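Work through the exercises below with the sequence and the structure side by side. Try each task before reading its solution.

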Amino acid sequence: MKFLIPVDGSALSLEAVRHVLKLSQAGLDVELLLANVQESASLYEMVVAHDPAVLDEVSEGAGLHVLAPAVSLVESSGVPFEAVVARGDPAHTLVELIEQHACDGVVMGAHGKGMVRQALLGSVTVEMVHAAPVPVTLVKPSEDTALDSDFETGEADGTA
């Protein structure tokens, strides 16, 4: 089975990678498409850069940097994978990647904070659940990851 795993640099996206690697260790034959979606350049960035190639280069570099920890995890496991950096609206771009790469499913991290809050935030997760043409598996954070995420966002002390 080929799984798309969106990687945004968060601990939650690495939880999704670990989840699929555990499935592989349990005997499921898997292949991964690790994907990072960079937003398209703004008009200001296009005017200032003068050269679209520079914007593409910066975007590609940023995406590869975000993908690096996930790539490292997968490389050490021996599971076949491809890593891609794409540009555009995250949910729509991920759906296009599913179709282009013939993915059988999507596995992504979920905050587990409730649908109302996610909907107000315009969550890519919520959009993917509705728009993806394949099953989407949401991986809730482990207790350690949840504590790390709360600390990073200031929620552990109620300041978020």
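**Exercise 1. Find which residues of helix α6 are buried, and explain how they are arranged around the helix.**

Solution. Begin with the list of covered residues in this predicted model: in α6, the buried residues are Thr 125, Val 126 and Met 128. Next, look down the axis of α6, where these buried residues fall within an arc of 160°, so they line one face of the helix.

Then take a single residue and check it with care. Thr 125 is found in α6, which covers residues 124-131. Its relative accessibility is 10%, and because buried means under 20%, Thr 125 counts as buried. If residues up to four places away in sequence are left aside, Thr 125 touches Met 108, Gly 109 and Leu 138.

Finally, place the whole helix against the strands: α6 lies across β4 and β5, and it runs at about 160° to β4.

**Exercise 2. Work out in what order the strands form the sheet, and which of them are the edge strands.**

Solution. Start with the pairing of β1, which comprises residues 2-6, and β2, which comprises residues 31-38. These two strands run parallel and are joined by five bridges, and the bridge partner of Ile 5 in β2 is Leu 34. Between the two strands the chain passes through helix α1 (residues 11-25), and this β-α-β crossover is right-handed.

Continue from β2 to β3 (residues 81-87), where the pairing is again in the parallel sense and extends over seven bridges; here Leu 34 stands opposite Ala 83. Then return to β1, which also pairs in the parallel sense with β4 (residues 105-109), over two bridges, with Leu 4 standing opposite Val 106.

Putting the steps together, the five strands form an open sheet with parallel pairing, in the order β3-β2-β1-β4-β5. The edge strands are therefore β3 and β5 (136-139), since each pairs on one side only. Neighbouring strands of this sheet are turned against each other by 25° on average, if direction is ignored.

**Exercise 3. Decide how well covered strand β2 is, and name the strands that helix α4 lies across.**

Solution. Count the buried residues of β2 to begin with: they are seven of its eight residues, and the strand is mostly covered. Now turn to helix α4 (residues 90-100), which lies across β1, β2, β3 and β4 and runs at about 150° to β2. For the chain as a whole, 38% of the 160 residues count as buried.

**Exercise 4. Describe the layout of the whole chain, and state where the model has its lowest confidence among the elements.**

Solution. First, list the elements: the chain has seven helices and five strands, and along the sequence they follow the pattern β-α-β-α-α-β-α-β-α-α-β-α. Among contacts between residues at least 6 apart in sequence, 77% join residues at least 24 apart.

Second, consider the confidence. The average pLDDT of the chain is 82, and 73% of the residues score at least 70. Among the elements, β1 has the highest mean pLDDT, at 98, whereas helix α7 (residues 143-153) has the lowest, at 51. Over residues 149-160 the pLDDT stays under 50, and for this stretch the model has 11 contacts beyond four places in sequence.

How values were computed
Residues are numbered from 1 along each chain as its sequence is written. This is a predicted model: local features need pLDDT of at least 70, side-chain atom pairs count only at pLDDT 80 or more; totals for chains, interfaces and linings use all residues. Side-chain values use heavy atoms; hydrogens and water are left out. Helices (H or I, at least four residues) and strands (E, at least two) are DSSP runs, numbered from the N terminus. Buried means under 20% relative accessible area, exposed over 50%, partly exposed in between (1.4 Å probe, protein chains only). Contact means heavy atoms within 4.5 Å. The arc is that of the directions from the helix axis to the C-beta atoms. pLDDT is the predictor's confidence in each residue, from 0 to 100. A crossover is right-handed if, with the strands pointing away from the viewer, the path from the first strand over the helix to the second runs clockwise. Axes are lines fitted to C-alpha atoms, for helices over the stretch in contact, and angles run from 0 to 180 degrees between N-to-C directions.
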